[in-house]
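Here's a quick briefing on how a protein meets a strand of DNA. Have a look at the structure first, then go through the notes below.

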2 protein chains.
Amino acid sequence: MDQVERILAQWRAERPDLDVAPMGTIGRVKRLNVHLSQGMERVITAHGLTAAGFDVLATLRRAGPPHALSPSALIAWTMVTSGTMTNRIDRLEEAGLVTRRRDPDDGRGSVVALTDAGFALIDQVVGEHVANQHRLTEALSDDERARLDELLGKWLASFED
Amino acid sequence: MDQVERILAQWRAERPDLDVAPMGTIGRVKRLNVHLSQGMERVITAHGLTAAGFDVLATLRRAGPPHALSPSALIAWTMVTSGTMTNRIDRLEEAGLVTRRRDPDDGRGSVVALTDAGFALIDQVVGEHVANQHRLTEALSDDERARLDELLGKWLASFED
DNA sequence: CTCCAATAGTTTGACGTCAAGATAAACCAA
DNA sequence: TTGGTTTATCTTGACGTCAAACTATTGGAG
């Protein structure tokens, strides 16, 4: 019995008129997200990165050569606002992990690219990060994880189409 | 195909040495949590509340009479730090939605209780909130939601035991 | 051509959160 | 008792985030 079940039991006692089944599902997603974020944060901060910075570096790394994207593209991948992305890029630039140049084809735009140091760092941290993610999902069998992916994917698609 | 599938495809192309299956599951939880938080926020802010304040009021409400808990208990239910909870209670107290008294039985502790205004507000907002949660889970059938609950519950229990 | 709406990023100000340290009371072993 | 440890809460300072306003550039309608 997880903590969410206790929360639902309280609501059923206090507000039996409400059908709180969806609250249970949503609550589990929320609490799981907190536990997972905390679990991933340790590995990331151990390398002097923040979760926010890691997110951007990883997006550039997996985009493939030349490991460069516009702030707009980074925003679309990472689900943050433009102001947040400006701030993230500022800090990564200060740290020497990315560069920011004007887009030669569009005077409004710019291009954010991994530096050699940024590439080396993210490429190493991602390895540990993935290993850590395996640990964090250990409680589920491969089959269970696959069934979970299918259900989460269907739900997620309802928001991202 | 959700956005996470595209992210995994990029990693598989760039770093075929990594098994990114767990990243997919964790990524879906994270993105779903963002969509759900945004979807719930609108209903909550429409009543002049923040998600943070709602969280505390709801915890007090479902605890049942006399709708009063210590900051420690609120911290345990809501997964935030003590400093965060102090700040949340401060704001709710300013808004006249809760009161804070010293615990007569323990001079270190205190008791946070819903005011009549706080009770009336949360009791109304929760109704709309639950209806909204039904909307947010519409993409899944009852059976799918139940299977999802079982898998999420098992995973969550691995962190909360 | 000339505007003017749309687009790309940045800036600003406020807020929620956290980690770490401070304070005060309670507990407990000697 | 007494002194040290633990517990409960608050304070402080820094950071990440957002919404909204702002600047600069582009692109299309007339």
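**Who sits next to strand D**

In this predicted model, H5(A) gives the most to the surface near DNA strand D, contributing 4 residues. The rest of the picture covers the make-up of that surface, the phosphate contacts and the domains of chain A.

**The surface near the strand**

- There are 21 residues around DNA strand D, and the ones that come nearest are A:Thr84, A:Arg88, A:Arg91, A:Arg108 and B:Ser72.
- By residue type, the surface near DNA strand D splits into 12 polar, 6 charged and 3 nonpolar residues.
- On the DNA side, 78% of the strand D atoms within 4 Å of the protein belong to sugar or phosphate, and the rest belong to bases.

**Phosphate contacts**

- The side chain of A:Thr84 has an N or O atom 2.7 Å from a phosphate oxygen of DNA strand D.
- For A:Arg91, a side-chain N or O atom is 2.9 Å from a phosphate oxygen of DNA strand D.
- Chain B takes part too: B:Arg100 has a polar side-chain atom 3.0 Å from a phosphate oxygen of DNA strand D.
- The elements giving two or more residues to the surface near DNA strand D are helix H5 (82–94) of chain A, plus helix H4 (71–78) and helix H5 (82–94) of chain B.

**Domains of chain A**

- The domain assignment gives chain A a domain 1 (1–27) and a domain 2 (50–160).
- Between the C-alpha centres of domain 1 of chain A and domain 2 of chain A there are 35 Å.

Methods. Residues numbered from 1 in each chain as written. Chains lettered and ligands numbered in written order. Predicted model: local features only at pLDDT ≥ 70, side-chain atom pairs only at ≥ 80, totals over all residues. Heavy atoms only, no water. Near = heavy atom within 4 Å. Polar contact = N/O pair within 3.5 Å; in protein donor to acceptor, adjacent residues only side chain to side chain. Nonpolar A, V, L, I, M, F, W, Y, C, P; charged D, E, K, R; others polar. Domains from an automatic or database assignment.
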